[in-house]
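Me: Can we go through one structure together? Here it is.

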Amino acid sequence: LISAMAAAVGNSCYIRIKGNWITSPILYVILVGRPGVGKTPPLNFAYKPLHDIDTEEHHKFKALKNEYAAIVERNKGKKRTEWESLPPVPVLHKNIMNDFTPEILMRNHDANLRGVAVVVDEIMGLFNTINRYNNSSFVQQMLSAHNGLPVDVSRCNLDCPLRIDYPCIQIVGTIQTGIVHELYDMGFKKNGFLDRFLITYPKGLKIAPWVKVPKQDAAIIERPFRVWKEIIDKAVALPFTEGIFNVLDFSDEAIDIFYDWQNEDIERQNAITDEKMIDSRAAKVPLNTRLALIFQLFRWACDESHKDFVDAESVNAAIRMSDYFEKSYKRMDDLVLTEATDPVKKQVLDSLGNKFVTAEAVKAGADFGFARRTVMYMLKDFCQRNFIIKDKQGNYEKVQK
């Protein structure tokens with residue numbers, strides 16, 4: 001729902017992080033779960049209003065294209081001065097894409113500067129596409145787009161190079177727990193692309209049983225979609241003009257809450273002396289502000305608030321939501337890293353308490369036959385894998401998943 005709302009808003013609204021630093025609601029999202037748990041239905045539900053808009057746009061485009069072709073046909077054989085005036089060449093405006101090359105994605109975004117959403121059921125297809133079409137350049141484009149930086153596309157088959165000054169691309173898809181490791185194997189963790197994704201990985205989620213609904217309750221079943229469509233349609237109706245931004249600022253109360261939260265994270269990062277141990281996802285200020293913007297607009301679209309500025313309630317919602325996403329990410333990370341970790345080394349870590357010092361780790365390692373030097377390498381590896389964190393005094397603490 002958050003991803004679809006971000007797609008509906010697109011470049012129509014920005015939020016001011018501080019000073020001249022502003023951002024639109026760009027979100028990359030992955031839904032993680034085992035097969036059959038129900039990842040696809042909520043994704044389809046959330047984006048159906050935008051799919052319906054695309055269907056209408058497609059019909060309009062076909063009609064305009066046929067009309068344009070008919071005018072060209074009627075003018076065949078005539079002198080140029082005798083031609084009927086031609087309307088503008090029809091351009092298809094798409095909100096959603098699911099099968100494309102990187103170049104086609106950018107062409108569609110160029111035609112719809114408000115924003116586009118990449119919605120794929122199995123997101124591995126997208127990552128395989130990235131690998132197939134010049135991995136380095138497309139990933140760099142997606143990283144730039146996520147940061148709100150201009151994106152340039154130059155290809156020999158383009159009459160004119162594309163330049164999108166204000167990219168707004170949403171990415172959302174699903175992945176099964178059994179193949180999450182492939183994202184890591186492809187190097188998307190190492191190059192920082194995976195760090196841009198918000199992860200939803202519900203804890204202990206099980207397949208829900210099917211429940212028979214009486215036919216007379218069909219109207220009740222349809223009501224959630226009608227309500228959701230009204231919300232999305234209201235967001236889509238927000239005015240958009242290229243290069244002219246409707247920027248929402250924080251209220252005084254909201255900015256105090258947000259800054260206190262950010263400064264707590266900054267203190268944690270500054271306490272880490274070894275730069276190799278710094279969490280690459282830590283610099284997530286834009287993501288958190290984007291969530292605050294989306295929640296404010298959610299509440300406005302539901303007639304619960306305004307859209308004049310971002311208030312404290314929306315910031316607190318963003319903090320809670322960010323915490324959920326990060327816990328989900330750590331569960332996914334743990335799922336992959338546990339499979340990739342030597343079981344015996346994992347037993348050494350499991351034998352230690354939640355908080356321990358180097359001497360305790362060395363002793364535990366010796367009990368399993370590891371030399372001190374090996375244990376020190378193990379500790380460094382566990383820190384890099386975010387199993388444990390180390391403070392300035394050399395104390396270690398396990399990361400709670």
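What follows is a short exchange about a pocket and a helix.

Reply: This is a predicted model, where local features need pLDDT of at least 70, side-chain atom pairs count only at pLDDT 80 or more, and totals for chains, interfaces and linings use all residues. Residues are numbered from 1 along each chain as its sequence is written, and side-chain values use heavy atoms, with hydrogens and water left out.

Me: What volume does the second largest pocket have?

Reply: About 330 Å³. A pocket here is an open set of points on a 1 Å grid over the protein atoms alone, where a 1.4 Å probe fits, with protein on both sides within 12 Å along at least five of seven lines. The volume is the space filled by probe spheres set on the points, which are joined across faces, edges and corners.

Me: Which residues are closest to its centre?

Reply: Leu 1, Ile 2, Ser 3, Leu 31 and Thr 200, out of 16 that line the pocket (an atom within 4 Å of a point).

Me: And which helix gives the largest share of that lining?

Reply: Helix 2, with 5 residues. Helices are DSSP runs of H or I, at least four residues, and strands are runs of E, at least two, numbered from the N terminus.

Me: Switching to helix 13. Which residues are buried there?

Reply: Val 375, Met 378, Leu 379, Phe 382 and Cys 383 are buried (under 20% relative accessible area, 1.4 Å probe, protein chains only). Seen down the helix axis, they fall within an arc of 135°, taken from the directions from the axis to the C-beta atoms, so they line one face.

Me: What's exposed on the face turned away?

Reply: Arg 373 and Tyr 377 (exposed is over 50%).
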